[in-house]
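User: I should like to learn how burial, helix faces and annotated sites are read from a model. Please take me through an example.

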Amino acid sequence: MAEKNKKSIEEKSLWEDARAMLRKAEQDGVETAWDRLEQQTPHCKFCELGTSCRNCVMGPCRITAKMPRGVCGADADVVVARNFGRFIAGGSAGHSDHGRDLIEVLEAIVEGETKDYQIKDEAKLRRIAGELGVADAGGGALAAVARAVMEILYADFGSRKKEVAFLGRVPEKRRAIWQSLGMTPRGVDREIAEMMHRTHMGCDNDAASTLIHAARTALADGWAGSMIGTELSDVIFGTPSPKKSTVNLGVINQEQVNILVHGHNPVVSEMIVAAANDPEMLARAEAAGAGGINVAGLCCTGNEILARRGIPMAGNHLMTELAVVTGAVEAVVVDYQCIMPSLLQAAGCYHTQFITTANKARFSGAVHFDIKPATALAQAKEIVQLAIDGFSKRDPQRVEIPSQPVEIMTGFSNEAILNALGGSLTPLLEAIKAGKIRGVVGIVGCNNPKFQQDSGNIGLTKALIQRDILVLVTGCVTTAAGKAGLLLPQAIDQAGPGLQEICGALGIPPVVHFGSCVDNSRIIHLCALIAEELGVDISDLPVAASSPEWYSEKAAAIGLYAVASGIYTHLGLPPNILGSPAVTDLALNGLESLVGASFVVEPDPDKAADLLEARIVSKRKALGLPK
Ligand code: SF4
Ligand code: MSK
């Protein structure tokens, strides 16, 4: 069966650096995600359709035409909705627990338990404090203001509030919709726990009701968990501002000690960057015969340090194993999420050390550091020392770095955009009204080996900018856009005349890097600011979202909070819900009448561009704007 599912190397990835490393992986005997996908194909049809249930031991049950109910009596609609609800809870938990970790670092700062982390953007902290109603936010002692913000945001995880703190950012019309549907997110942990409760046998047995709570859970992610992650990362590590960097496997440096940081949270990767720049560590690297210490990113923690520090990006999700295959990586240092367990085996084929740093993401056989705020920098130096020690173990015969790095522009935040626009959204709105920017689409998310790597991400991005639709990218789409040369101001050559004019005048690329997966909260915040400025709801705007190659629970949660926020959202492949016509119809159609937006599924990037453009045209028309 596996032979039948075999793809050629060209079919696996769009990129030459990936293809070269896929050839080398074959030679070196390293198994990759594509190999395992062949083994796993065809997938279990019940799981694919969402019609298998393991929620109790009267089962497991599979729902078919001949067996339309599980032992308890649950039908396909109930089983599919419950599975999808738990899927969303998993994704929301990931982003939100990440956000909570940032509150804990802020707490360590406030309590004087760490000198390794500081408040880098005091102005932003005070601005947020003002929004959250902290007394004397502008003039009070910094520690007191920080403590008050910390308490308010910790409370967002509990059960005592009627709504999470950043809902003040949501336009009134949208909040009224949520209120009427019972979709207002009250507390992050509360919504996630309630989803687990509702989906226990014998609770929520109405698919629509379960899905509404799934949306509420996702909204707690977008407008609380993820937003807290973004905002506090800016406060602690600085708010991104435009800068240049580089991307692809060519950022791995043959002469230097190479450390790849992978995962999501900047709490560890920022310390690794600091430790690698320490003069003593640099001297030690030199003494070991290396020309320096090179830190490069993978996935979203890579996006965090790329946007804030311009640290180069080695690759996105499907490049993580291939980066190790270069044979030139001394250490892969991970925090959590999207880290393939197989990386440990790939690292074992070379001299690469695989180092974990979070007690909630342990990998059997890895070198583990339980990184704590009080000792983070010292621990990071120990990690960098391990990498330096590994440099002499590198086998030069097995090193192949397959490409030259591509330049990119990064570091866009809402603050940076406002700055570039001269302090107000008016120039952006004028460009939208005039049809020079016809709309804005956030293209976000992952790679999935079911697609040729990045063909959907790049195909859609190119098709949209040609149609004068501005594209914002986050997560793993960033690396794709960067490798294609689309994150440079000169990429306006590939855009329509309107984008050429506007982006050309501002000196920005037509594809704008907005950060990591949690930073999708920047995009919904920007939508809210634009809606407020125009006096309309988010669902009235000529905006949309897309995740062409998504794979994770987190990506589904992002998609659902986008839809529930009023943003039409394209997915390159469906979630595992097709076994229930009722749930599928709700996702693709029914949500439109409830929240003013829905999902659309389309694997072909050109057809997806047509759908997104048609949506934008309809929204422009309703606002009385030219096509
Ligand atoms: Fe089967 Fe119902 Fe138990 Fe699910 S909850 S495994 S459908 S008996
Ligand atoms: S890392 S969730 S593969 S974007 Fe955020 Fe990339 Fe998707 Fe993970």
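**Reading burial and sites**

Analyst: Cys53 is buried, with 25 other C-beta atoms within 10 Å. A residue is buried if 20 or more other C-beta atoms, placed from the backbone, lie within 10 Å of its own, exposed if 12 or fewer, and partly exposed in between. This is a predicted model, in which local features need pLDDT of at least 70 and side-chain atom pairs pLDDT 80 or more, while totals for chains, interfaces and linings use all residues. Residues are numbered from 1 along each chain as its sequence is written, with chains lettered from A and ligands numbered from 1 in the order written.

User: Which residues does UniProt list for "binding site"?

Analyst: The unreviewed entry lists Cys53, Cys56, Cys61 and Cys72; such annotations may be inferred rather than shown by experiment. They span 20 residues in sequence, yet no two of their C-alpha atoms are more than 10.7 Å apart, so they gather at one spot.

User: Is Cys72 buried or exposed?

Analyst: Cys72 is partly exposed, with 16 other C-beta atoms within 10 Å. Cys72 is found in the loop between β2 (61-62) and α5 (76-110); helices (H or I, at least four residues) and strands (E, at least two) are DSSP runs, numbered from the N terminus.

User: Why are the buried residues of α6 on the same side?

Analyst: An α-helix has 3.6 residues a turn, so residues three or four places apart point the same way. In α6 (residues 122-131), Leu125, Arg126, Ile128 and Ala129 are buried. They cover an arc of only 160° around the axis (taken from the directions from the helix axis to the C-beta atoms), which puts them on the same side of α6.
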